[in-house]
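I opened a fresh page for this one, with a few things to look up. My notes follow in the order I made them.

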Amino acid sequence: TGPLVVAVDGPAGSGKSSVSKAVARRLGFAYLDTGAAYRAFAWHAQHSGVELEDQASVVAALPTFDLAEATDPDHFTVRVGEHDVTAAIREPAVTGVVSLVARVPEVRAALTGIFRRLAAGTDKPGIVIEGRDITTVVAPDAPVRVLLTASEEVRMGRRSAELTGHSPEAVGEQLKARDRADSRVVDFMTAADGVTTVDSTELDFDETVDAVIAVIQSRT
Ligand code: C5P
């Protein structure tokens, strides 16, 4: 028997990364941020001279994608080959193009394989995996599946509070554009069958963590 898988999906700014990380920490579980892997691949494609609009060109960068992503919620790092990209993948230069690589089916298949191997390989009793298609594609059989939502207004507010130095308008526009692009590829706005919705619009951070832990307890 492998680790207990907790699958968490949600849109940008729903708080799913920080909430998933806190849930993993509280339960002594591993934590896997799949968006970070898509971002790392976008960074790699950018640095491989790939034409990002050209799907075949993007696919050609897959064989040289050497990803090392930590699954420790207390020491989260992402490396591509020799490069520590933990900070670089949060820059607008990467955020603005990640949807272009995430829409490519071969990229999704390759990263899904990586996620399943990372999840199976943890020595922790469980793993919280968060992203856009975890409840539906990466781990549809997970015993715990959660869709974390929040109103668009609250999501934009949280994201611009995180990104000091960028105008709230610009952050909001980028977030909406990214959700629109991503929605064409995977549906993360509606809960699939058997997926529990946690709406954090009216909850603070700790209450949201408690709500996700309550779902886990009710399912295990
Ligand atoms: O979660 P985060 O905002 O870091 O995700 C970055 C991007 O990675 C998303 O905008 C989306 O294009 C892609 N992604 C995805 N499937 C996932 C996780 C992220 O397509 N499971």
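**Entry 1: the core**

I started with the nonpolar cores, and the largest has 58 residues, of which V23, A40, F41, V58, V78 and V107 touch the most other members. I then asked which element gives the largest share of this core. The answer is α2, with eight residues. A reminder to myself that this is a predicted model.

I picked V23 from that list and looked up its contacts. Leaving out residues up to four places away in sequence, V23 touches V128, V209, V212, I213 and I216.

**Entry 2: the sheet under α2**

Since α2 came up, I checked what it lies on. Helix α2 covers residues 34-46 and lies across β3, β4 and β5, at about 30° to β4. Those three strands make an open sheet, ordered β3-β4-β5, with antiparallel pairing. I noted β3 (67-69) and β5 (83-84) as the edge strands, each pairing on one side only.

How many bridges join β4 to β5? I found two, with β4 spanning residues 78-80 and the strands running antiparallel. In this pairing V80 stands opposite H83 of β5.

**Entry 3: two residues of α2**

I wanted to see where two α2 residues point, beginning with H44, which is found in that helix. Is H44 buried or exposed? It is buried, because its relative accessible area is 8%, and the cut-off for buried is under 20%. Beyond its neighbours within four places in sequence, H44 is in contact with A61, T64, F65 and V80. I had already met V80 as the residue opposite H83.

Next I took A45, also placed in helix α2. Its relative accessible area is 0%, so A45 is buried. Setting aside residues up to four places away, A45 touches V50, L52, A61 and V101. A61 is thus on my list for A45 and on my list for H44. I also looked up a distance: A45 and S57 are 12 residues apart in sequence, and their C-alpha atoms are 8.9 Å apart in space.

**Entry 4: a buried loop residue**

I turned to a loop and chose T122, found between α6 (105-120) and β6 (126-131). I asked whether T122 is buried or exposed. T122 counts as buried because its relative accessibility is 15%, and under 20% is the limit. What does T122 touch, apart from residues up to four places away in sequence? The contacts are P3, A30 and I127.

**Entry 5: salt bridges**

I counted eight salt bridges and wrote up three of them.

R25 pairs with D74, and the closest N and O atoms are 2.7 Å apart. This one links distant parts of the chain, from R25 in helix α1 (residues 16-27) to D74 in the loop between β3 and β4, 49 residues apart. R25 counts as partly exposed, at 44% relative accessibility. D74 is also partly exposed, at 47%.

R26 meets D210 through their side chains, at 2.9 Å from N to O. Why does this pair tie together separate parts of the chain? Because R26 lies in helix α1 and D210 in helix α10 (residues 205-219), 184 residues apart in sequence. At 51% relative accessibility R26 counts as exposed, since the cut-off is over 50%. D210 is partly exposed, with a relative accessible area of 39%. I noted that α10 holds D210, and that V209 and V212 are among the contacts of V23.

E173 and K176 form the third bridge I wrote up, with 3.7 Å between the closest N and O atoms. Where do they sit? Both are in helix α9 (residues 168-183), three residues apart, about one turn of the helix. E173 counts as partly exposed at 47%, and K176 is partly exposed at 24%.

**Entry 6: the annotated stretch**

Last, I looked at the record. UniProt, in an unreviewed entry, places the feature "domain: Cytidylate kinase" at residues 6-217. I asked how much of that stretch is helix and how much is strand. Over residues 6-217 the chain is 47% helix and 15% strand. The C-alpha atoms at the two ends of this stretch are 11 Å apart.

Methods:
Residues are numbered from 1 along each chain as its sequence is written. This is a predicted model: local features need pLDDT of at least 70, side-chain atom pairs count only at pLDDT 80 or more; totals for chains, interfaces and linings use all residues. Side-chain values use heavy atoms; hydrogens and water are left out. Two strands pair if DSSP finds at least two bridges between them. Helices (H or I, at least four residues) and strands (E, at least two) are DSSP runs, numbered from the N terminus. Contact means heavy atoms within 4.5 Å. Axes are lines fitted to C-alpha atoms, for helices over the stretch in contact, and angles run from 0 to 180 degrees between N-to-C directions. Buried means under 20% relative accessible area, exposed over 50%, partly exposed in between (1.4 Å probe, protein chains only). A nonpolar core is a set of buried Ala, Val, Leu, Ile, Met, Phe, Trp, Tyr and Cys residues joined through side-chain atoms within 4.5 Å. UniProt positions are given in the numbering used here, feature names are shortened, and annotations may be inferred rather than shown by experiment. A salt bridge is a side-chain nitrogen of Lys or Arg within 4 Å of a carboxyl oxygen of Asp or Glu.
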